[in-house]
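Reader: I'd like to see how the labels on this structure are earned. Can you show it to me, and then let me quiz you?

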Amino acid sequence: MESFPLLWQDGNHSPAIPYIVMSRRTKVITPVKEHQMVDMQPPSDEFRGFDEARSIMWCYEARSRTYARLSQTDFLANDAVAAVHVENTSRADRVFLTAFDRSGGLLFGDTLYIDDPTQRLDVTPEFDHDFTGMTVAAGSELEEAVERENGWVVNLDALRDYDPLEDRRTTQRAVLLAHLGDMMASGQARGFLFDKHDAAEDPGEADTDAA
């Protein structure tokens, strides 16, 4: 049974968080405790929130990158496209995309070029067909593409439901809370207060509340 790791943006595994091995045949996700290229020592209590915040940002960047890169194609605007196979193993400088309809039939393809490592389209669980429970028609061309195991499949319904602005706001707050945990534990911060309104949305009202 072949398996492959879920990589982060820079192509490396997190030194503080066990990476994930996925098998498309068994659809089992298992944390790996040791790896010869990774220092798997658990994070210290002092920087536990820092490591959590870093993980949160890696996941956000993966979602944002997948959405931005697929938005450069015609797939999102085409309602006939239900899934996109991302072939990211044969070439380091480009990724081959193939669109499929809801019956798993092949529609058309596209190519995205990779100018730097931050443009790679590695597996994004929130959009991956396995993680989102997308049905793949038996005997279809999409199933054949999945079985080749030379990439991953984007569930276009999940990608279309993605709200980049809301994700950024949610991630910003989650990262702040993760850092505050460390700062409060070390005595650098004693308390904090979140306003019920986002100051960026209504700066005038925020100023009134502050006054």
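**Checking the labels**

Author: Here's one for starters: of the contacts in the chain between residues at least 6 apart in sequence, 58% join residues at least 24 apart. Keep in mind that this is a predicted model.

Reader: Fine. What elements does the chain have, and in which pattern do they follow along the sequence?

Author: There are five helices and seven strands. Read along the sequence, the pattern is β-β-β-α-β-β-β-α-β-α-α-α.

Reader: How do you know that α1 spans about what a helix should?

Author: Helix α1 covers residues 48-70, which is 23 residues, and reaches 34 Å from its first C-alpha to its last. The expected figure at 1.5 Å a residue is 33 Å, so the two values are close.

Reader: Which residues of α1 are buried?

Author: Quite a list, including Trp58, Tyr60, Arg63, Arg65 and Leu70. Across the chain, buried residues make up 36% of the 211 residues.

Reader: Arg63, you say. What makes its meeting with Asp167 a salt bridge?

Author: The N to O distance between the two side chains is 2.9 Å. The cut-off is 4 Å, so the pair qualifies. The pair also links distant parts of the chain: Asp167 sits in helix α4 (residues 164-185) and Arg63 in helix α1, 104 residues apart. Both Asp167 and Arg63 are buried.

Reader: How many salt bridges does that rule give?

Author: Eight.

Reader: Take Arg94 and Asp93, then. Why is Arg94 called buried, and why is Asp93 called partly exposed?

Author: Arg94 has a relative accessible area of 19%, and buried means under 20%, so Arg94 gets that label. Asp93 comes in at 28%; that lies between 20% and 50%, so Asp93 is partly exposed. Their side chains meet in a salt bridge too, at 3.0 Å from N to O.

Reader: And Arg102 with Asp157: what makes that pair a salt bridge?

Author: Their closest N and O atoms are 3.1 Å apart, and with the limit at 4 Å the pair therefore counts. This one also links distant parts of the chain: Arg102 is in the loop between β5 (94-100) and β6 (106-113), while Asp157 is in helix α3 (residues 156-160), 55 residues apart.

Reader: Why is Arg102 called exposed, and what is Asp157?

Author: Arg102 has 54% relative accessible area; exposed means over 50%, so the label holds. Asp157 has 33%, which is between the two cut-offs, so Asp157 is partly exposed. As for salt bridges that share partners, they join Arg63, Glu126 and Asp167 into one network.

Reader: On to the strands. How do you know that β5 and β6 pair?

Author: Six bridges join them, and they run antiparallel. Pairing takes at least two bridges, so β5 and β6 pass. Among the partners, Leu97 is bridged to Asp110 in β6, and Thr98 stands opposite Gly109 in β6. The two strands form a hairpin with five residues between them, and Gly104 in the turn has a positive phi of about 85°.

Reader: Which sheet do they belong to, and what makes β6 and β7 its edge strands?

Author: An open sheet of four strands, in the order β6-β5-β4-β7, with antiparallel pairing. β6 and β7 (151-155) are the edges: each pairs on one side only. From one strand to the next, the twist averages 20°.

Reader: Last one: how much accessible surface does the chain have?

Author: About 12,600 Å², of which 52% belongs to carbon and sulfur atoms.

Note on methods. Residues are numbered from 1 along each chain as its sequence is written. This is a predicted model: local features need pLDDT of at least 70, side-chain atom pairs count only at pLDDT 80 or more; totals for chains, interfaces and linings use all residues. Side-chain values use heavy atoms; hydrogens and water are left out. Buried means under 20% relative accessible area, exposed over 50%, partly exposed in between (1.4 Å probe, protein chains only). Contact means heavy atoms within 4.5 Å. Accessible areas come from the Shrake-Rupley method with a 1.4 Å probe; for residues, only the protein chains shown count as cover. Axes are lines fitted to C-alpha atoms, for helices over the stretch in contact, and angles run from 0 to 180 degrees between N-to-C directions.
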